[in-house]
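Reader: Could you walk me through this one and tell me what earns each feature its label?

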Amino acid sequence: QLQNKFGLPFVLKPITMLGGFGVAIVSSAEEFEAFYQMKAPNEQYEVEEFISGTLYHCDAIRQNGVTLFSVCCEYTNQNLIFN
């Protein structure tokens, strides 16, 4: 069902952790089964489509519909490296 909805690969992210902790990229039914067997019994996960590409971070401050500050930059490392 997950493969039909999100395609392969897809991303599993624990909802109680931060950054790249506990994140898994699943590329097959066998990888999902192995992940499921090793995960913490009570941990809950969200599932997302895996999107490959350049990662950017953007911040902005807006007040009363006016942008006071904005900055965007390209990440130098992949998200899963920030553990």
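**Labels and cut-offs**

Author: Let's start at the surface, where Ile61, Val66, Leu68, Phe69 and Val71 make up a nonpolar patch with about 450 Å² of accessible area together. Mind that this is a predicted model, so local features need pLDDT of at least 70 and side-chain atom pairs count only at pLDDT 80 or more, while totals for chains, interfaces and linings use all residues. Residues are numbered from 1 along each chain as its sequence is written, and side-chain values use heavy atoms, with hydrogens and water left out.

Reader: What makes a set of residues a patch?

Author: Each member needs over 30% relative accessible area and no salt bridge (a side-chain nitrogen of Lys or Arg within 4 Å of a carboxyl oxygen of Asp or Glu). Nonpolar side chains (Val, Leu, Ile, Met, Phe, Trp, Tyr) are then joined within 5 Å, and like charges within 9 Å. The areas themselves are Shrake-Rupley values with a 1.4 Å probe, and for residues only the protein chains shown count as cover.

Reader: Why is Ile61 called partly exposed?

Author: Buried means under 20% relative accessible area, exposed means over 50%, and partly exposed is in between. Ile61 has 47%, so partly exposed is the label.

Reader: Which strand gives the patch its largest share?

Author: Strand E5 (residues 66-74) does, with four residues, whereas Ile61 sits in strand E4 (residues 56-63). Strands here are DSSP runs of at least two residues, helices (H or I) are runs of at least four, and both are numbered from the N terminus.

Reader: How do you know that E4 and E5 pair?

Author: Pairing takes at least two bridges found by DSSP. E4 and E5 are joined by eight and run antiparallel, so they qualify. In this pairing, Gln63 stands opposite Val66. The hairpin has two residues between its strands, and one of its residues, Asn64, takes a positive phi near 55 degrees.

Reader: What makes that phi of Asn64 worth a remark?

Author: Asn64 has a positive value in a residue other than glycine. Most residues other than glycine have a negative phi, and most peptide bonds are trans. As for cover, Asn64 is at 76%, so it counts as exposed.

Reader: And which peptide bond is cis?

Author: The one from Leu8 to Pro9, with omega near -10 degrees. Pro9 is in the loop between helix H1 (2-6) and strand E1 (10-14).

Reader: How do you know that Cys58 and Cys72 form a disulfide?

Author: The cut-off is a pair of cysteine sulfur atoms within 2.5 Å. Cys58 and Cys72 have S to S 2.3 Å, so the pair passes. The link connects strand E4, which holds Cys58, with strand E5, which holds Cys72, 14 residues apart. Turning about the S-S bond gives 120 degrees, a right-handed link.

Reader: Why is Cys73 not bonded to Cys72?

Author: The sulfur of Cys72 is the closest cysteine sulfur to that of Cys73, but at 7.5 Å it is too far for a bond.

Reader: What about rings: why is the pair of Phe35 and Tyr45 called edge-to-face?

Author: Rings of Phe, Tyr and Trp (its six-membered ring) pair if their centres lie within 6.5 Å; planes under 30 degrees apart are stacked, over 60 edge-to-face, and the rest tilted. A search of the whole structure finds three aromatic pairs. Phe35 and Tyr45 are 5.1 Å centre to centre with 80 degrees between the planes, so edge-to-face fits. Phe35 lies in helix H2 (residues 29-38) and Tyr45 in strand E3 (residues 45-49), so the pair ties together parts 10 residues apart in sequence.

Reader: Is Phe35 buried or exposed?

Author: Buried, because its relative accessible area is 18%.

Definitions and conventions
Buried < 20%, exposed > 50% of the residue type's maximum accessible area, 1.4 Å probe, protein only.
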